[in-house]
Every structure is written in C-alpha cells, then in structure tokens.
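Here are a few notes to help you find your way around this one. Have a look at the ligand pocket, then at one of the helices.

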Amino acid sequence: MDGKIVLTGDRPTGRLHLGHFVGSIKKRLELQETNALFYMIADMQALTDNAENPEKVRENVLEVALDNIACGLDPQKTVFFIQSGVPELSELTMYFLNLVTLARLERNPTVKAEMKQKGYGGNVPAGFLMYPISQAADILAFKAELVPVGDDQLPMIEQANEIVEKFNRIYGDVFKKISPLVPEEGARLSGLDGGAKMSKSLDNAIYLADDAETLRKKVMSAYTDPAHIRADDPGHIEGNVVFEYLDLFDHDKMGLDELKKRYTAGGVGDVELKERLIMNLEAKLLPIRERRAELMEDPGAVMKILGDGTARARRVAAETLAEVRRAMKIDYA
Ligand code: TRP
C-alpha cells in the first residue's frame, strides 16, 4: 500500500474516542507517510440522520479535525477537507443515483441495521437511505483506490464497486475498482462496560480529549471479570476489558505476562491492573490532550487548514467531474 490515493473520513457527530484511535486513526498515520491521503469530514453524511441538529454537526467539524491533528494526522501530508465544501461530490451523487435501484439500497445490511436502530419505520429520510451512493461519490471523485474501513463499511465498498461497473459499462472506462483496507486483528476495541464496541451512543467510551481525572474514573469503572470478587479469587483474562486494553497500550510485554499469570492464579486485585492501565493510557493520551489544547487556542488556524484543504480537494474533484460529464455526454460548454 504505497503510492496509492487513499480516502478516509469521519462523520462529525461527536468527539473521537479510543475506539476511533485504534480502529482508524492509527492506520491513517501509517498511510499518510507513503500514500496520497485525503481525509474528509463528512458533514453532509452526518446531516442525513441529523437534519434537525445542524449545530451539533457544525461544532463537531472542528472537534474531529482537532482529534485527528492532535493524534498526528499532518495537514502537510494529508489533504483535510469538508465534504459540503466540494459540491462536485453532490453532483456526482446525482449521476450515480440513476445507476442504483431502490431495492438495492434497501438491501444494504449496514443501512438496514442503522434504520432499525434509529427506529425510522416507514419514514426513512431519502438522503439517509441513499448515503452509500454519496459515499461512493466521495471515494470516486478523488479516484481513490484504497479505502480503510471498519467491517460495517464493507457493504459500502461493495455497493461503490457495483456503481463503478455499471458506470463504466454504460459510459466507458472512467473509474477503477476500489479496494477496502480491512482492519487488522485488534483494531476493534470493546467498550468500558465489556460491550462489543466502544461507542458514544452506548456511553462506554474513553475520549481522546478526556482529562486525567476522567480517564482515571472511567478506567476504575471498567468491566473486568465478574467472577473475580475478592483479590484472592483466580481471575480471567479472556473478555476482561482491562487486559484487552493493556494488550494494546502496555509495551512492557514481559511485565504484562507476569501480571496475567498472577491474576489467573489469584491474589491480584483489579485496582492493580487498573492502575497499570491508567499509567499506560495516560502516557499515550497526555501528549494528544496537550496538543489538542494548544490547537484549540487558535481554532481559526484549524479552520484555515480545512479551508485550504477543501480548495485543493475541490480542484481534484472538478477534474474527475469534467471527465464524467464528457463520458455522460453532458459536457455542453
Ligand atoms: N461512513 C463513514 C463513517 O461513518 C464516513 C465516510 C463518509 C467515509 N464518506 C466516506 C469513509 C468515504 C470512507 C470513505 O465513518
């Protein structure tokens, strides 16, 4: 994965947490070194299910930008842009809409699950139902070849590739197939409560911007092993959130192995593991938190990064759209 055009993005609906760091930001940091990385803040996609909360989307554009930059995503290497600032994406979405049936949209398993979760019943917003088409446009307008995704986003790539096939068949070869970059083992983080996924809506997340005291409180409340009641009881590592996090953030593997042995044998209280996790997470998060606070002193500078990147992204997308209009025989001028 070198020298490729890569597109990645976040919906600006909340601050980013440790699950985002492990699941996507870490990969972005790697990718930006040897590829042309576009990082999109998907504000229009966020509005598909937040039409009545424009303030929330607006505020979080800055928050997700801050989170990513604080983690090391570098505006010198990566093109940061805001989706709505590139109207070519909306235009391409309109053209793609003709290539996808309503029945196909209704079959997208991720959209289906989200519709159910949001309880839309028969009243799903049209924009929400068709967001996979808009997402295909996000990717293809930049001719991105590689898209890092979570498992839940694989159906989006599949749908985008069907659009590529159909577009090329009708209008000639303009787009190439997209490859998803699937997360590695360990790229999904459980929630503090032991739930399968760390998520804002489940209220089980450690945020990148959490202060030291909040971090401590959250770790101290983390799910461990319900059968480990007294320190003397033998504890279980499997399914124990504190050990799951330690595996990712504690680099002293020998010390960690030794702790696991003692915990399994019995005689270790949960507080010992939790203190160890707090120390390791604090080491990771302190510099991010500090960098974030620094950036926050001048939000205008961050918005300028987004503005400059958006102008650049727009130039790239405009080239693709000129090609698309030619292929579709709507290049009148
Ligand atoms: N759907 C993605 C998410 O929920 C965000 C997104 C929008 C995206 N457009 C994209 C991701 C294009 C990759 C490529 O996180």
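1. Start with α8, which gives the most to the shell around the ligand, with three residues. Keep in mind that this is a predicted model.

2. The full set of residues around the ligand is Leu7, Gly9, Arg11, Met40, Ala42, Gln45, Gln135, Asp138, Ile139, Val147 and Gln153. Sorted by character, the shell has five nonpolar residues, four polar ones and two charged ones.

3. Now for the polar side chains facing the ligand. Gln45 puts a polar side-chain atom 2.8 Å from a ligand nitrogen, and Gln153 has one 3.1 Å from a nitrogen atom of the ligand. On the oxygen side, an N or O atom in the side chain of Arg11 sits 3.3 Å from an oxygen atom of the ligand.

4. How much of the ligand's accessible area does the protein cover? On its own the ligand has 370 Å², and the protein covers 86% of that. Two elements give two or more residues each to the shell: β1 (5-10) and α8 (131-140).

5. Away from the ligand, take a look at α13. This helix runs over residues 270-296, and at 1.5 Å a residue its 27 residues should span 39 Å. Its end C-alpha atoms are 36 Å apart, so the model agrees with that expectation.

6. Where does α13 bend? The bend is at Leu285 and comes to about 35 degrees, with a proline, Pro287, following within four residues.

Terms used. Residues are numbered from 1 along each chain as its sequence is written. This is a predicted model: local features need pLDDT of at least 70, side-chain atom pairs count only at pLDDT 80 or more; totals for chains, interfaces and linings use all residues. Side-chain values use heavy atoms; hydrogens and water are left out. A residue is near a molecule or strand if one of its heavy atoms lies within 4 Å of it. A polar contact is a pair of N or O atoms within 3.5 Å; within protein, one must be able to donate a hydrogen and the other to accept it, and residues adjacent in sequence count only if both atoms are side-chain atoms. Accessible areas come from the Shrake-Rupley method with a 1.4 Å probe; for residues, only the protein chains shown count as cover. Ala, Val, Leu, Ile, Met, Phe, Trp, Tyr, Cys and Pro count as nonpolar, Asp, Glu, Lys and Arg as charged, and the others, Gly among them, as polar. The expected span of a helix is 1.5 Å times one less than its number of residues. The bend at a residue is the angle between axes fitted to the seven residues ending there and the seven starting there.
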